[in-house]
Each structure stands twice: as structure tokens, then as C-alpha cells.
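Pull up the model and turn it around a few times before reading on. We'll start from a single residue, work out to the chain, and then look at how the chains fit together.

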Protein chains: 2
Amino acid sequence: MEMGSANNEKISIFLRGWWFMKDLPKKILAKVVEIARQTKTIGQDDPRRVIHSLKVGLVLTLVSLFYYFQPLYKSFGVSAMWAVMTVVVVFEFSVGATIGKGFNRGLATLLAGVLGVGAHHLASMTGKVGEPILIGLFVFLQAVVSTFIRFFPKVKARYDYGLMIFILTFCLVSISGFRTDDILELAQKRLSTIFIGASTCVIVSIFVCPVWSGEDLHNLVADHIEKLGNFLEGFGSEYFEESGEAEKRDGKSFLVGYKSVLNSKNTEENLANLARWEPGHGKFMYLHPWKQYLKIGTLARQCACRIEALNSYLNSQIKAPDEVRQKVQETCKTMSTESGQALKELSLAIRTMTRAADSPNTHIINAKTAARNLISLLKSDSWADINLLLVVPVAAVASLLADIVICVEDIDESVTELARLTKFKSQNLNFSNCKMASDEGKNKQLEMNGCPDQVIISINLTAPATDHQEKQSQSQESVQDTRQNVKV
Amino acid sequence: MEMGSANNEKISIFLRGWWFMKDLPKKILAKVVEIARQTKTIGQDDPRRVIHSLKVGLVLTLVSLFYYFQPLYKSFGVSAMWAVMTVVVVFEFSVGATIGKGFNRGLATLLAGVLGVGAHHLASMTGKVGEPILIGLFVFLQAVVSTFIRFFPKVKARYDYGLMIFILTFCLVSISGFRTDDILELAQKRLSTIFIGASTCVIVSIFVCPVWSGEDLHNLVADHIEKLGNFLEGFGSEYFEESGEAEKRDGKSFLVGYKSVLNSKNTEENLANLARWEPGHGKFMYLHPWKQYLKIGTLARQCACRIEALNSYLNSQIKAPDEVRQKVQETCKTMSTESGQALKELSLAIRTMTRAADSPNTHIINAKTAARNLISLLKSDSWADINLLLVVPVAAVASLLADIVICVEDIDESVTELARLTKFKSQNLNFSNCKMASDEGKNKQLEMNGCPDQVIISINLTAPATDHQEKQSQSQESVQDTRQNVKV
């Protein structure tokens with residue numbers, strides 16, 4: 001009986017092996033197809049990846065010429081491999097990362113080289129017995145200190161790689177000195193080959209189809225705000241009109257776009273760190289206020305968090321009955337749509353670096369007016385005969401929307417600040433008004449607040465308001481007014 | 001006049017320069033004090049950082065012995081510096097990162113070395129003219145392909161460093177071959193020194209005060225859930241009792257702890273990636289289900305998002321009047337506190353890897369009962385005479401809390417799954433019940449669902465229920481019941 005089962009087992013193992021072998025070609029083929037499909041997707045998603053790969057190949061081949069050409073090889077010798085190494089290690093996807101790494105590598109090598117030579121000289125004065133002990137002590141001490149410094153958050157963000165290279169070079173130079181006599185030549189060769197490698201990388205990354213981290217950050221933040229706008233623009237109709245049709249909703253990408261905003265902090269911070277290495281390019285000056293993008297990003301994430309809470313009501317099974325919904329439908333839809341449109345306009349303003357003609361944004365004013373209407377509506381007596389339980393989901397949605405309106409306003413303020421810092425172009429704005437106001441001796445204030453925002457107020461201070469101006473000034477006041485009440 | 005102003009300017013520049021010089025020592029002192037303070041904080045926050053720095057110093061000093069001792073230097077020569085380089089580059093803070101980098105470096109060097117030698121031989125057959133051209137072509141092609149492969153998300157997460165080393169080694173070996181005849185010796189020396197450096201790092205990182213990424217992930221997830229629990233436990237009293245006292249709230253850390261959960265995705269994924277390299281240690285086996293921690297983390301972030309929305313009501317100026325609040329105060333406080341306690345229990349369960357005696361968690365059952373009470377309360381007529389506007393904020397808070405109860409339940413399920421996967425110890429559980437149920441031929445089901453959860457139901461199926469059991473089974477049903485209704 002037992003032998004029989006052992007035999008069966010053997011047969012079953014054999015069979016399984018046979019099936020595995022039989023399926024193998026199919027499996028391999030499927031894997032190959034899958035990889036090919038993935039390759040295509042990765043290339044199509046961002047064609048700059050293909051270009052970057054070609055650039056790396058190009059620079060490596062260029063730098064390896066040092067080995068092939070006798071005159072070049074004569075002057076550097078085996079040290080030429082440091083140039084190859086530098087290219088592999090320094091050449092990153094974006095210009096900022098490449099410059100950052102190149103700078104770190106160059107500076108760290110220089111500093112560590114000088115210190116290493118110094119340590120070697122100091123140690124060599126103590127004689128053949130003391131030398132290795134003293135060098136060992138130096139190596140130990142600088143490794144401990146440098147490694148600890150790498151834990152400082154600010155250092156980690158910008159100079160982590162530099163410190164690693166510092167430790168490396170210091171060890172190499174000071175230890176090599178124990179065996180080589182021409183330690184200065186070693187240090188100088190290492191430095192010059194690294195300089196050649198790094199500068200080749202930087203030049204190619206800047207002048208051949210450059211990928212700018214700053215531009216990526218700029219577009220990413222604009223994208224995120226647009227995604228939030230898309231959700232809000234569509235939310236009203238989704239919630240109030242086509243309730244219960246969850247299947248239809250699956251295909252709508254605008255309802256899930258906001259999710260990518262939620263976890264974007266790290267990417268944004270990383271891009272901002274890299275962008276700071278980049279020289280001025282295109283629309284961006286050197287020292288463009290990248291930090292302001294991070295602020296906008298933080299506010300966008302706060303808004304996305306509210307939207308996440310809102311989204312759960314979209315998928316909730318229990319909905320308020322039509323009679324309840326109809327009462328608030330109009331105001332809530334206005335709040336949502338206008339907020340969405342405001343965000344989309346802000347996104348466009350960032351993307352094109354153009355300041356919108358109306359500031360503060362009319363969509364935000366509309367959204368706030370809707371929020372105020374909601375308050376009046378809730379105050380009215382028409383609710384007395386309605387079961388409170390049925391009102392709660394709608395009330396929660398309305399409350400969240402009101403919260404989102406505040407978020408949108410914060411984002412608007414933050415984008416206005418960005419516009420001020422980076423001097424966005426103004427759209428349809430008559431700058432003679434600016435001049436007029438400045439004539440009244442308010443230059444300082446205008447400078448502080450950015451002219452275009454203040455034009456209307458300044459005009460109101462200095463001249464009798466026309467109808468149009470009065471209307472705008474009223475809406476300005478109402479903005480201040482609603483700011484407190486909007487939080488229903 | 002103009003000369004006078006130029007003179008004035010010179011004096012002002014001189015004065016400014018003087019002030020700057022006068023303030024310099026003070027500024028430098030302030031900076032030094034600031035750095036010292038920061039150093040102390042970084043060291044105290046995580047003393048493992050100090051230990052890590054010492055470990056790096058130790059290993060570097062150890063490896064540099066290759067240079068000092070004649071017998072060791074004889075066998076490796078200048079190649080010994082590869083060992084030093086390997087240590088600097090491979091030795092990371094955690095065991096997982098060190099093993100991952102060491103493995104990547106070792107394997108990539110081996111593969112690229114073999115391919116590089118192959119490429120060199122192939123090229124050398126074409127003669128002195130064709131050789132550099134063919135090698136250049138090989139270098140270009142492999143650099144392009146390898147660089148592109150680095151963009152694959154799965155490769156980037158685990159083998160990015162390996163691919164970099166692959167490009168590096170391939171270039172070095174194939175290009176060096178053009179100048180050196182004993183290319184095999186070069187490859188072999190590079191490989192053996194890298195092996196020595198990497199294995200020293202791995203051994204020291206495992207056996208001298210190890211820092212495990214897996215353990216960090218485990219603690220991080222438990223911490224996050226505890227932070228959410230702390231907020232919820234405190235929220236009820238904060239919102240309903242001490243409203244308007246925003247100043248008092250500033251000192252309460254439990255109200256802001258949840259914010260660190262919101263942006264934790266990247267850290268968690270990073271730790272999980274590193275943890276997969278680690279061998280079994282302490283409470284964790286090799287191939288511990290780290291992915292399950294990521295699932296719990298995702299749910300925790302969803303919950304934190306709801307809490308963020310809830311938090312905005314805490315700081316809102318407009319609050320419902322006492323009469324409205326008193327009506328829902330009790331149920332809302334129960335929902336919040338019980339959810340908080342449930343989360344804190346789950347956090348403790350993860351931390352100690354012990355399964356709680358009551359499953360499903362009685363706190364969750366209480367929270368759900370409260371949610372059901374809230375529904376009855378809202379259905380009642382006692383609201384007819386209250387202005388709806390005043391109810392909305394409270395209704396929104398109640399609705400968010402109900403949403404959070406669902407989140408907490410999801411987290412509970414996810415932790416239960418983790419307990420099943422990692423076989424948490426059971427607390428106060430009589431396993432003879434398990435045996436009894438399994439005697440009834442339900443082994444399969446029990447295996448699938450994890451025994452302790454099913455004990456109660458199984459008993460109800462096989463024996464007349466006692467009072468206690470009946471009560472528990474009822475609450476089980478009510479869990480199913482509320483699952484649909486809890487979303488008010």
C-alpha cells in the first residue's frame with residue numbers, strides 16, 4: 001500500500017514535470033510578449049526615456065575614446081577609467097540631477113583630495129610604524145563624522161552623494177599614499193578625469209534634448225490642480241443626476257484622477273530639490289521660486305483629501321431621496337462646478353504662466369455666493385417636514401463642498417503669490433491703471449502686493465467708481481464676508 | 001552733488017561692511033550652536049545613527065588593512081581599492097539595503113565581467129582597426145539597453161543599482177581590454193575584491209547592532225495606526241466638550257499626529273522593498289508578508305484622509321449650538337472613542353504580534369452599534385423644531401465618523417489577514433474549541449478563514465448556544481447588518 005502510494009507520487013512528480021516542460025515555451029513566449037508590451041508602454045508614456053538612453057550610450061562612447069586614441073591615453077593612462085565611471089554614475093535623467101551629482105562629485109573629490117594629501121603628509125612625518133596607525137585613525141574619524149552628517153535632513157536632500165564621494169576619495173587618496181609616492185599626481189589625475197566626465201555629462205544633458213526637473217515640477221503641479229478641477233466639475237452631475245449608476249461611472253477617468261495627487265509629496269519635493277540645481281531655461285529663471293510650487297502642492301493635497309471624503313459619498317448605497325436632493329441640488333452643483341472651473345483656470349494660468357484677467361477669480365466668487373445661498377436655504381423653513389436622517393448625506397456633501405471652496409480659495413491665493421514672485425504675464429490688463437495708482441504715491445504697497453490685484457482697489461480709493469468697478473469691489477467685499485460664513 | 005552721493009555711497013558700503021564684520025563672530029557662534037543642537041537631536045531621535053556611523057568607520061578601517069599588510073597587498077595590489085570603494089557604496093543604514101546593494105553589485109559585476117570579456121574577445125578577432133569600432137558599438141548598445149531597462153518600475157525598485165554597476169563594469173572590462181592583455185586577471189581581481197568588501201559590509205551590518213528595514217516597517221505601520229487611534233480617542237471630547245478653546249488645543253500632540261500618516265506611502269514602499277532582501281530575524285521569517293503591511297498602510301492613509309476632513313471641523317469657527325450637540329454628543333463620542341480604541345488595540349496586536357482575544361473587535365461592534373443608534377436618533381421627531389442650518393456641521397461630523405468606522409473595520413480585516421498570514425500568537429484562546437469544530441469536518445473552511453474567527457460561528461452551528469454565545473452571535477449579525485446602514 002505504502003509502496004504503491006510512493007510509486008503514485010513518483011508518477012505524479014514526473015507528470016507535473018512533463019506538464020511544466022510542455023507549458024514552458026508557451027510561458028516564455030507569454031513573458032516575452034508581456035515584456036515587449038511593457039517596453040512599448042514605458043517608451044510611449046515618456047519618449048524622453050528613449051532619448052535619455054541614447055544620450056547615455058552616446059556620452060559613454062565619447063568618453064571611452066580616451067582609451068582608444070593614443071595621444072589622449074598617454075596623458076591620462078588607466079586613470080581614464082575614472083571618466084567612464086563618472087559618466088555612468090553622474091548622468092541622470094534630468095539636467096538638475098546631473099548637475100547636482102556632477103557638482104557634488106567634483107567638489108567632494110577636490111576637498112577630499114586636498115584633505116587626503118594633507119592627512120598623508122601629516123602621517124608620513126611620524127615614520128613607517130606610526131604612518132598606517134595614524135592614517136587608519138584619520139580614515140576612521142572622517143568616515144564616522146561624514147556618515148553622521150549624511151543624516152542631517154538638509155544635507156541628505158542635496159549633498160548626500162557628495163558626502164559619499166568625500167569618504168571614498170579621502171580613503172583612496174590617503175590610503176594609496178601609503179603605497180604610491182606620487183600621490184599628488186594620483187589626486188590630480190582623478191580630479192581632472194572626473195571633471196572631464198562630469199562636464200561632458202552636464203553639457204550633453206543641457207544641450208541635447210534636455211529634461212528639466214523644474215519644468216516637470218511646473219507641469220506636475222498644474223496637472224494635479226487640473227485633475228482636482230476635473231473631479232469637481234463632474235462631481236455635481238454625477239452625484240445629483242445619475243445616482244445609483246455605479247457601473248457607468250467605472251469608465252470615467254476624471255473621477256479617479258485625484259488619487260494620484262494624494263501621494264505626490266515625495267515626487268514634488270524631489271523635483272524641487274533637483275530644480276534648484278538647474279540654470280535658467282525657457283520660461284524659468286535661475287532661482288525660480290520652486291518652493292512656492294511645493295506650497296501649492298501641499299494645498300492641492302489637502303483639497304484632494306476632501307475630495308477623497310466626497311468620493312465616498314458618490315459610491316455610497318444610501319442616497320437622500322429626490323425631494324431632498326432637489327432642494328440643494330442647484331447650489332451644490334454650482335459650488336462644485338464653479339470650484340472645478342476655478343481650479344482648471346488656475347491650472348491653465350500656471351501652465352501658460354499667464355495671469356487671469358479677473359482676479360480674484362470669478363468662479364471662486366460664484367462658488368462662494370453659492371455657499372452663501374446654501375446657508376440661506378438651510379435657514380429657510382422648508383425643511384420642517386423632512387426626516388432629518390434623509391438630509392444628513394446631502395448635508396455632509398454640502399459641508400464638504402463648502403470646505404473645498406475654502407481650499408480652492410487657498411490654492412488661488414497661493415497661485416497668485418506664485419504669479420507675483422515669477423511675474424506672470426498679465427492677460428487683457430491695462431497697465432496704465434497701474435501707473436495711475438503709482439502716481440498717487442502707493443508704489444511701495446503696489447510693489448508689495450503685486451500691481452494687477454490692487455488696481456481695482458486703488459482705483460476705488462482715488463476716483464469715483466464706475467458701475468462696473470463698484471460691482472467688482474462689492475464682490476471683493478463679499479469674498480471677505482463669505483470667508484467666515486462659508487464653513488457651514 | 002553727484003560726487004557727494006558717490007562718497008555717501010562709499011561710506012555706507014564701508015559701514016555695512018563694518019557691521020557685517022562686527023556681527024560675524026556672533027553669527028558664526030549662533031550657527032555653531034545651532035548645528036550642535038541639531039546634531040544632538042538627530043543622534044537622540046535615533047541612536048542607531050551614531051552606531052551606524054561607527055560601524056562604517058570600523059569596516060572602512062578593516063578593509064583598508066589590505067593596503068597596510070604586505071601579504072594581503074601582494075595578492076591584490078592596487079585592486080584592493082575596489083574593496084574600499086565597495087564598502088563606501090554598499091554599506092547602508094539597514095541590513096536590507098546593504099544586502100540588496102551588495103547582491104546587486106556582486107551579481108552585476110559577475111555578469112558584466114563575463115559579457116565584457118566575451119565582447120573583448122569577439123572584438124579582438126576583427127583586428128586592430130575593427131576592435132575599437134566594435135567595442136564602441138558594444139558599449140553603446142549595452143548602455144542604451146541597460147539604461148532603458150532601468151525605467152521599468154519593478155527593476156527600478158530592486159535592481160536599479162545593479163544595472164548601473166552592470167553598465168560600469170561592462171565598460172571598464174571591455175574598454176580596459178583594449179590596453180591590458182590580462183583582462184581576465186582584471187575581471188577576477190575586481191570581482192574578488194568587491195566580494196570581500198560586500199561580504200564584510202553584510203556581515204557587520206547583520207551581526208553588529210543590526211537595523212532591520214522589516215522591523216522598521218512593522219513598527220511604522222503600528223505607529224501610524226496608533227496615531228489615528230489617538231486622534232479618534234481624543235476627538236469626541238475635543239469637539240463636543242471644549243469647543244472654541246483653540247489655544248488649549250495647540251499643545252495636544254495627539255491632534256496632529258495623524259498628519260505624518262498622510263504622506264507615508266513612499267517610506268512604507270521603500271522599507272517593504274528593502275525588507276524583502278532581509279533574512280529571517282527575531283519575530284520575522286524570511287519572506288514575511290511585507291506586502292500586507294503596505295495594504296494596511298494604504299487603508300490607514302484612507303482613514304487619515306477622513307480624519308483630515310474631520311479635523312477641519314475641529315478648527316471651524318461655526319459650531320452647532322449646545323442643544324443640537326447634546327442630542328448626538330453621546331453617540332458620536334462613542335463612535336469616535338470606540339473606533340480610536342479599536343485602532344489602538346489593532347496597533348498593539350501588530351506590535352506584539354498577538355491576536356486579540358475578541359475577534360471581531362468588540363470596540364468596532366460598539367462603534368457600529370453607536371452608528372446604528374445615530375440612525376435611530378436622526379429618524380426620531382425631536383428635530384422638527386430645530387433650524388437645519390445648525391444641524392449641518394454636526395451631521396457632517398457624524399457622517400464622517402460613520403465613514404471612519406467603516407475604514408476602521410477595513411483596517412481590522414486587513415490586520416486579521418496579516419495575523420493569519422504570519423500566524424500571530426493567540427491571546428487567551430481555548431484551542432480545544434478549534435479542535436471540536438474541526439472534528440465536524442470543517443477543516444477546510446477553518447483553514448481558509450483562520451480558526452479563531454470562526455470558533456463562535458462553528459459552535460453555533462454544532463451546539464445549542466449559551467447566553468454568552470448567543471449575545472456574541474447577535475453582535476456578529478449586527479455587524480453584517482450595520483455594514484450597509486452605517487453610511488448615513
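In which helix of chain A does Val144(A) lie? It's helix α7, which covers residues 127-149 of chain A. One thing to keep in mind as we go is that this is a predicted model. Is Val144(A) buried or exposed? Its relative accessibility is 15%, and since buried means under 20%, Val144(A) counts as buried. Have a look at what Val144(A) touches: leaving aside residues up to four places away in sequence, the partners are Ser53(B), Leu54(B) and Gly57(B). So you don't lose your bearings inside chain A, the C-alpha atoms of Val144(A) and Ile167(A) are separated by 9.4 Å, with their positions 23 residues apart along the chain.

Now hop over to chain B and find Gln142(B), which sits in helix α7 of that chain, again residues 127-149. With a relative accessibility of 10%, Gln142(B) counts as buried. Its contacts, not counting residues up to four places away in sequence, are Phe166(B), Ile167(B), Phe170(B) and Cys171(B).

Time to zoom out to chain A as a whole. There are 20 helices and two strands in this chain. Chain A has 488 residues, and 50% of them are buried. Take the contacts in chain A between residues at least 6 apart in sequence: 79% of these join residues at least 24 apart. As for the outside, the accessible surface of chain A is about 23,300 Å², and carbon and sulfur atoms account for 61% of that.

Part of that surface is worth a closer look. Ile11(A), Phe14(A), Leu15(A), Trp18(A), Trp19(A), Phe20(A) and Met21(A) make up a nonpolar surface patch, together offering about 800 Å² of accessible area. Ile11(A) belongs to helix α1, residues 2-45 of chain A, and counts as partly exposed at 48% relative accessibility. Further along helix α1 of chain A you'll find Glu34(A) and Arg37(A), three residues apart, or about one turn of the helix. Their side chains meet in a salt bridge, 3.1 Å from N to O. Both ends of that bridge are partly exposed, Glu34(A) with a relative accessible area of 32% and Arg37(A) with 48%.

For another partly exposed residue, try Lys327(A), at 30% relative accessibility. Lys327(A) is in helix α15, residues 322-352 of chain A. From there to Lys227(A) is 100 residues along the chain, and their C-alpha atoms are separated by 28 Å.

So how do the two chains go together? Chain B can be laid on chain A with an RMSD of 0.1 Å, using a turn of 180 degrees and a shift of 0.0 Å along the axis. The two copies are thus related as by a two-fold rotation axis. If you want a landmark for that axis, use Ala396(B): among the residues of chain B, its C-alpha comes closest, at 2.1 Å.

The contact itself takes 84 residues from each of chain B and chain A. Since 100% of the interface residues of chain B are also interface residues in chain A, the copies meet through the same surface. About 7,700 Å² is buried between the chains, with carbon and sulfur atoms giving 74% of that area.

How many salt bridges are there between chain B and chain A? The count is two. One salt bridge across the chains pairs Arg306(A) with Glu308(B), whose closest N and O atoms are 3.9 Å apart. Arg306(A) also forms a salt bridge with Asp403(A), this time with the closest N and O atoms 2.9 Å apart. That pair links distant parts of the chain, 97 residues apart: Asp403(A) is in helix α17 (residues 388-422) and Arg306(A) in helix α14 (residues 290-314). Asp403(A) and Arg306(A) are both buried.

Finish in chain B, where the side chains of Glu417(B) and Arg420(B) meet in a salt bridge of 3.1 Å, N to O. Glu417(B) and Arg420(B) are three residues apart in helix α17 of chain B, so about one helical turn separates them. Glu417(B) is partly exposed at 30% relative accessible area, and Arg420(B) is partly exposed at 31%. There's also a network to trace, in which salt bridges that share partners join Lys259(A), Glu308(A), Arg306(B) and Asp403(B). Over all chains, the whole structure has 33 salt bridges.

Key: Residues numbered from 1 in each chain as written. Chains lettered and ligands numbered in written order. Predicted model: local features only at pLDDT ≥ 70, side-chain atom pairs only at ≥ 80, totals over all residues. Heavy atoms only, no water. Least-squares fit on C-alpha atoms with pLDDT ≥ 70 in both. Contact = heavy atoms within 4.5 Å. Helix = DSSP H or I, 4+ residues; strand = E, 2+ residues; numbered from the N terminus. Buried < 20%, exposed > 50% of the residue type's maximum accessible area, 1.4 Å probe, protein only. Patch = residues over 30% accessible without salt bridge, like charges linked within 9 Å, V, L, I, M, F, W, Y side chains within 5 Å. Areas by Shrake-Rupley, 256 points an atom, 1.4 Å probe, with all protein chains shown as cover. Salt bridge = Lys/Arg side-chain N within 4 Å of Asp/Glu carboxyl O. Buried area = accessible area lost by both parts, 1.4 Å probe.
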